[in-house]
Amino acid sequence: WTNRTEYMELASDEGIVVLNYTAKNVNIVASNAAEIKVELNDIPMQTISVSDEKLYAVVNDSDYASKKLTLNVTGKGFRLYTFTFG
């Protein structure tokens with residue numbers, strides 16, 4: 001990962017982001033072609049295809065609780081701008 005002023009950029013072909021959070025929903029703002037395999041508490045949940053710069057829904061859960069989110073990213077040049085929570 002390369003820390004840019006506005007975003008984090010994947011410098012290799014693959015990378016991992018691990019985030020502990022407390023919320024129902026998690027979104028990311030991201031860009032550049034990539035595939036993200038999402039795990040919640042170490043359980044595979046979904047795969048997200050990133051293309052355009054926009055908001056992507058990562059977790060939509062029914063309960064407000066503390067969880068561990070893992071994003072397994074494939075796609076050199078992927079940009080992660082921010083997380084939002086609900």
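1. Aromatic pairs. A search across the whole structure turns up four aromatic pairs. One of them joins Trp1 and Phe78 in an edge-to-face arrangement. The ring centres are 6.3 Å apart, and the planes meet at 70°. That angle counts as edge-to-face because it is over 60 degrees. Keep in mind throughout that this is a predicted model.

2. What the Trp1 pair connects. The two partners come from distant parts of the chain, 77 residues apart. Trp1 sits in the segment before β1 (2-3). Phe78 lies in the loop between β6 (54-74) and β7 (79-85). Their burial is worth stating for each ring. Phe78 is buried, at 2% relative accessible area. Trp1 is partly exposed, at 36% relative accessibility. The cut-off for buried is under 20%, so Phe78 falls in that class and Trp1 does not.

3. A ring cluster. Which residues do ring pairs link into a cluster? They are Tyr21, Phe83 and Phe85.

4. Overall make-up. The protein has seven strands and zero helices. Read from the N terminus, the order of elements is β-β-β-β-β-β-β. The radius of gyration is 12 Å, close to the 12 Å that the globule rule gives for 86 residues, so the protein is as compact as a globular protein of that length. Along the principal axes, the C-alpha atoms fill a box of roughly 35 × 25 × 20 Å.

5. Burial, surface and contacts. Of the 86 residues, 35% are buried. The accessible surface comes to about 5,000 Å². Carbon and sulfur atoms account for 46% of that surface. Take the contacts between residues at least 6 apart in sequence: 72% of them join residues at least 24 apart.

6. The β4-β5 hairpin. Strands β4 (residues 34-40) and β5 (residues 43-50) run antiparallel. Seven bridges join them. Glu39 has Pro44 in β5 as its bridge partner. The two strands form a hairpin, with two residues between them. Asn41, in the turn, has a positive phi of about 55°.

7. A salt bridge from the β4-β5 loop. The structure holds four salt bridges. One of them pairs Asp42 with Lys68, with the closest N and O atoms 3.1 Å apart. This pair also links distant parts of the chain, 26 residues apart. Asp42 is in the loop between β4 and β5, while Lys68 is in strand β6. Lys68 is partly exposed, at 28% relative accessibility.

8. A shared lysine. Lys67 meets two aspartates. With Asp61, the N to O distance is 3.2 Å. With Asp63, the N to O distance is 3.6 Å. Salt bridges with shared partners thus join Asp61, Asp63 and Lys67 into one network. Side chains of opposite charge can pair when their charged atoms come close.

9. Buried or partly exposed? The question applies to each member of that network. Lys67 is buried, at 7% relative accessibility. Asp61 is partly exposed, at 26%. Asp63 is partly exposed too, with a relative accessible area of 36%. Lys67 counts as buried because its value is under 20%.

10. Points to check on screen. Look at the ring planes of Trp1 and Phe78, which form the edge-to-face pair. Then look at Asn41 in the hairpin turn. Then view Asp42 with Lys68, a salt bridge. Finish on Asp61, Asp63 and Lys67, the salt-bridge network.

Notes:
Residues numbered from 1 in each chain as written. Predicted model: local features only at pLDDT ≥ 70, side-chain atom pairs only at ≥ 80, totals over all residues. Heavy atoms only, no water. Pairing = 2+ DSSP bridges. Helix = DSSP H or I, 4+ residues; strand = E, 2+ residues; numbered from the N terminus. Phe/Tyr/Trp six-rings, centres within 6.5 Å; stacked < 30°, edge-to-face > 60°. Buried < 20%, exposed > 50% of the residue type's maximum accessible area, 1.4 Å probe, protein only. Salt bridge = Lys/Arg side-chain N within 4 Å of Asp/Glu carboxyl O. Rg over C-alpha atoms; globule rule 2.2 N^0.38 Å. Contact = heavy atoms within 4.5 Å. Areas by Shrake-Rupley, 256 points an atom, 1.4 Å probe, with all protein chains shown as cover.
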